[in-house]
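Here is a short report on one protein model. It moves from the whole chain to two helix pairs, then to single residues.

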Amino acid sequence: MIVVSAKDLTKAYGTDVILEKVSFHINQGDRVGIIGINGAGKTTLLRMLTGELPYEEGDCYISGDLRIGYLKQDAGFDSEKTVIEEAQAVFRHFPEMEKEMDQLLREASEHPEESDGILQRYERIHDRYDRMGGYSYQSELRGILTSMAFDEGMYDKKIASLSGGEKTRLALAMLLLEKPDILFLDEPTNHLDIGTLKWLEQYLRGYRGTIVLVSHDRYFLNETVTRIFEVENHRLKIYEGNYAFYAAERKVRRETELRTYEKQQKEIARQEEMIRRFKQRGTEKLAKRAASREKRLEHIQRLDRPDAEHGKMGLRFYQEFQSGRDVLLAEDLSKSFGYGSRRRELFHGASLDLKRGERVCIVGDNGTGKTTLLRMLLGEIEPGSGRIRIGHNVQFGYYDQGQQRLNDDLTVIEELQDAYHLYTDGELRNILGRFLFRGEQVFLPVGSLSGGEKARLALLKLMLSGANVLVLDEPTHHLDIESKEIFEEALLEFPGTSIIVSHDRYFLNRIPTRICELTPDGLVTYLGQYDYYVEKKQQLTAKEHLAGLASQGRNRGQEAGADQPLQEMSAAEQRQQKKAQEAAERRKKRAKEAAENEIAQLEEEIASLEKELSEPAVMTDAKRLQTLSDELSEKHRMLDEAYEKWVELQDEV
């Protein structure tokens, strides 16, 4: 059943077109991921679907009997309630039903003569209460709040005192508690750590309603959605699969579209050249052929050139000089905050030995102190205990996730001028252009930039620094998917060393040479990438469990093998088939070249004969004139045959 449909939706702000003639439908139970670069119109589309934003043209339909839930990108509350009061408001009908049932029981005991009718009313309310989950809503409420990182110690905290990230998590928790028929989620993974992300993925996979979400989290998209809507160049393209399917299919689709367009353009040019040459010959037979081909050319459905790729960020990290082999050694670091009864230890016993060329990614739950650890390694925060030794020729470059090191009062170009005096304005504008700051955008105040634009500016400053050790705190957080991939390639090519805090699991599956998990008891190292890290953690958990069973004499293990895939064609057969195809192509090419050479030769001979026929001496020699005329007629006949052969060869291409 179709629950959402759109036809020719168009949205513009003045002459700035955001979306143009967008059409699609969403079925009940679909899980749709909307992706695109920052500014493509993803949030605009979501707001139009939820009725928050009008549109200039087209139609949009949402089934009227369905309940809609909408999580905005930076959801917030203007509430004086506490966390638990706001969450309980979702289930306010249950306390009302409980109160009504208690009242009916009292009435039944006070008026026994009317108890039958009263108890029937009680049973009806009780059945509805049971069906709606009245006996489980308290545990469900606490479970979802806990999963969204709200422990019981935060229940009585005023909402006004929560951070922006905490407010967003609370808004998401309340949406999940309400269980609307259609969930519209705008960047739901913001402010979530890896553990919470995994829980949310599992929850959404089992969700019975329809889900439409905007996200730049490629791993999350892989795990949760079954359809991808890509917003690009004001249009929308649909891919029937998750992100991995989209990434592969998009590449194939783009290559196919461009190849098909170029092939058609080549064929049109070929036909036009043939028509020109037929007309130039002037014979009746070739003139008919030219007219026939012109008619066919008029009826060709001409393809539009595939949309050009929009500008891409040009990022390349370099180091001014190489560091020593031993970059950094940290031993038994600890950090605590507060005093007395309010003292809270973040971690202790954290040690790290960093070598040149390594890419170390630090993971861990929110609040474990990952950013604090980075700033400690940079020398900005003193450790509570332990020591840090910096290696020879080490030059740090730091990217902070809040871009607090950018001056909001400066313009974009002034921000660079302030840091890099040796560059001319022209050089800086060229560099800014590589980071998609073009024209008048370079004069925008830094404070007016979006999160993604600030992230690009911070990465640009980091690139220009020439640092040989990059210290990065959530560097992909504000980047769109395309910018993430460019940034990842730049990191992989960087010859220096990197220490990175990240929750981006797709990123963690590409970049690190090792992963370090920060726990209250220090750093635990895993020599691999994210999937290996997860597998190893599961193995360690399983080993602990098995060790417990072994102590009771119940330790068992089992291993399974995987079948080898079968190949449809042997390597020898594939080589033989390839050789046959190549030989056929060579034969066609040689025949075509021979036909073209023959035509050129005949046209030269005809031109020579016509020139000779026009000479005065020939015009007065009847015998010579007849011989040349016969020879010219024969050459024209041979030329017509050569053209016939050439046409056949062209049609085979």
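Of the protein's 653 residues, 44% count as buried, meaning under 20% relative accessible area, with exposed over 50% and partly exposed in between (1.4 Å probe, protein chains only). This is a predicted model, in which local features need pLDDT of at least 70, side-chain atom pairs count only at pLDDT 80 or more, and totals for chains, interfaces and linings use all residues. Residues are numbered from 1 along each chain as its sequence is written, and side-chain values use heavy atoms, with hydrogens and water left out.

**Whole protein**

The secondary structure comes to 20 helices and 18 strands. These are DSSP runs numbered from the N terminus: helices are H or I with at least four residues, strands are E with at least two. The protein exposes about 35,900 Å², and carbon and sulfur atoms supply 47% of that area. Accessible areas come from the Shrake-Rupley method with a 1.4 Å probe; for residues, only the protein chains shown count as cover. Among contacts with a separation of 6 or more, 69% join residues 24 or more positions apart. Contact means heavy atoms within 4.5 Å.

**Helix 3 and helix 4**

Two packed helices are described by the angle between their axes and the distance between the axes. Axes are lines fitted to C-alpha atoms, for helices over the stretch in contact, and angles run from 0 to 180 degrees between N-to-C directions.

Helix 3 packs against helix 4 (residues 115–131) at about 160°, with the axes 9 Å apart. That makes helix 3 roughly antiparallel to helix 4. Angles over 145 degrees count as roughly antiparallel, under 35 as roughly parallel, 65 to 115 as roughly perpendicular and the rest as oblique. The crossing of helix 3 and helix 4 is left-handed: the near helix is turned anticlockwise from the far one by less than a right angle, whereas clockwise would be right-handed.

Residues of helix 3 in this contact include Phe94, Met97 and Ala108; those of helix 4 include Ser115, Ile118 and Leu119. By class, the contact of helix 3 with helix 4 has 11 nonpolar, two polar and five charged residues. Ala, Val, Leu, Ile, Met, Phe, Trp, Tyr, Cys and Pro count as nonpolar, Asp, Glu, Lys and Arg as charged, and the others, Gly among them, as polar.

Where does alanine 108 lie? Alanine 108 is in helix 3 (residues 93–110). Not counting residues up to four places away in sequence, alanine 108 touches Ser115, Ile118 and Leu119. Alanine 108 and leucine 119 are 11 residues apart in sequence, and their C-alpha atoms are 6.9 Å apart.

**Helix 12 and helix 13**

The axes of helix 12 (residues 412–419) and helix 13 (residues 425–434) come within 10 Å and cross at roughly 120°. Helix 12 and helix 13 are therefore oblique to each other. Their crossing is right-handed. Val412, Ile413, Leu416 and Gln417 of helix 12 meet Asp425, Leu428, Arg429 and Leu432 of helix 13. This contact has five nonpolar, one polar and two charged residues.

**Single residues**

Threonine 196 touches Ser147 and Met148, not counting residues up to four places away in sequence. Phi is near 50° in lysine 179, a positive value in a residue other than glycine. Histidine 234 also has positive phi, near 75°.

| Residue | Place | Relative accessible area |
|---|---|---|
| Alanine 108 | helix 3 (residues 93–110) | 10%, buried |
| Threonine 196 | helix 7 (residues 194–205) | 7%, buried |
| Lysine 179 | loop between helix 6 (164–178) and strand 6 (182–186) | 36%, partly exposed |
| Histidine 234 | loop between strand 8 (227–232) and strand 9 (235–239) | 33%, partly exposed |
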